[in-house]
Structure formats: C-alpha cells, structure tokens
Amino acid sequence: MRSIIGKTTATIVTASALVFGLSACTNDGGTSEETKEKISSAVTSTPEAGPGEALRSSVEETASGLVSSVQATASSVVSGITGAWDQAKLTAFTATFRTAYPNLSSDRDDESIESIVKETCTAIDSGASDQQQVAKVKQVATNDGTVPTEEQANRILQLVKPACP
C-alpha cells in the first residue's frame, strides 16, 4: 500500500515538472493539446498490477471468504445455543419451585418440574398470549389434583421466563 502511494506521488510530481518544463519550451507560452493529453494520461493512469498487487488481491479474496465462513459458523453456533436448555437455570427453578410450592412439588421428580419450564417456554416462543401462558402454567404445574391458583400461576410464570433459552 505504501509503495502504491509513493508511486502515485512520484507520478504527480513528475507530471507537474513536465508541465512546467514544457510550458517554458513552447513558442506560445503554453502547452499544446497533445502535451496536455499526455500529461493528463500520465497523472490519471494506474500502474500495471505487479506480483504484489496480485498477491494483495488474492489475500483479500481469501480473507473475504474466511469472514463469510466464520460468520456462517458463528450464526449456526448461536442458533444451537439459543435452543439449548441451561441446566443451571432449570436446577435453580426446580429448587425455587420446591421451596415455594411444596404442595405442587410433592412426589414429583426434577424432570417433571423442569417440564413446567420447558412446556411454558415453548408456549411463550410460539406467541401465546399472557392468558394462554398462565393457563399453560396451571396445566403443567398441577400435581395430583392440586391446581395452582391464578396468583400462584402468575408467580410461577415469572419464575419460568428467566429460565427460558
């Protein structure tokens, strides 16, 4: 990059010197149209691509391809992560649920309580309304005929939401 800037600067300086030199040599005190075109062409022309330019182009193409590949891989990983259940959050929910609602958690294993989170989060992700979310919590939190009250279902829903992926 530095050599390209240097070559461009050298070309401009050379062209300027030519303009001043040729203007001093002409009979009419100016430059001919042919000379002006040659100078203009020299100033605006770009040097032919050498091995360095070809290498730079190749590196840019390779880098562009790598960036695209990394972005696609990162997107795939993020998609996989967002769909995964965070076991620490499920465990925290289970412990909190057991402590806060002993009548809804008695004789239930951890997987049964975790299903409250999983099924409710699925309903949330599918666009369920607030009323539908509360109804889902009531359905999945019910234990041996013990149904959570509306207030309990709302509080359980508030516990569920942070545990969603």
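A salt bridge, as I use the term today, is a side-chain nitrogen of Lys or Arg within 4 Å of a carboxyl oxygen of Asp or Glu. Please keep in mind that the structure before you is a predicted model.

With that definition, the structure holds four salt bridges, and I shall discuss three of them, including one inside a single helix, Arg155 with Glu151. The closest N and O atoms of Arg155 and Glu151 are 3.4 Å apart. Both residues belong to helix H8, and because they are four residues apart, about one helical turn separates them. Arg155 is partly exposed, at 43% relative accessibility, whereas Glu151, at 52%, counts as exposed.

I turn next to a pair that joins two helices. Lys138 forms a salt bridge with Glu150, with 2.8 Å between the closest N and O atoms. Lys138 lies in H7 and Glu150 in H8, so this pair ties together parts that are 12 residues apart in sequence. Lys138 is partly exposed at 24%, and Glu150 is partly exposed at 45%.

How do H7 and H8 pack? Their axes are 9 Å apart and meet at an angle of about 100 degrees, which makes H7 roughly perpendicular to H8. On the H7 side, the contact involves Gln133, Val134, Val137, Lys138 and Ala141; on the H8 side, Glu150, Ala153, Asn154, Ile156 and Leu157. By character, these residues divide into six nonpolar, two polar and two charged.

The loop between H7 (130-141) and H8 (150-160) contains Asp144. This residue has a positive phi of about 50 degrees, although it is not a glycine, and it is exposed, with 71% relative accessibility.

Is Gln152, in helix H8, buried or exposed? Gln152 is buried, because its relative accessible area is 16% and the cut-off for burial is under 20%. The side chain of Gln152 reaches the backbone nitrogen of Thr149 at 2.9 Å. Beyond its neighbours within four places in sequence, Gln152 is in contact with Tyr101, Leu104 and Val147.

Finally, I come to helix H6. Asp110 forms a salt bridge with Arg98, the closest N and O atoms being 2.9 Å apart. Asp110 lies in H6 and Arg98 in H4 (residues 87-100), so the pair links parts 12 residues apart in sequence. Asp110 is partly exposed at 41%, as is Arg98 at 30%. In the loop between H5 (102-105) and H6 (110-125) sits Asp107. Asp107, too, is not a glycine yet has a positive phi, here of about 60 degrees, and it is exposed, with a relative accessible area of 79%.

Terms used:
Residues numbered from 1 in each chain as written. Predicted model: local features only at pLDDT ≥ 70, side-chain atom pairs only at ≥ 80, totals over all residues. Heavy atoms only, no water. Helix = DSSP H or I, 4+ residues; strand = E, 2+ residues; numbered from the N terminus. Buried < 20%, exposed > 50% of the residue type's maximum accessible area, 1.4 Å probe, protein only. Axes fitted to C-alpha atoms, helices over the stretch in contact; angles between N-to-C directions. Parallel < 35°, antiparallel > 145°, perpendicular 65-115°, else oblique. Contact = heavy atoms within 4.5 Å. Nonpolar A, V, L, I, M, F, W, Y, C, P; charged D, E, K, R; others polar. Polar contact = N/O pair within 3.5 Å; in protein donor to acceptor, adjacent residues only side chain to side chain.
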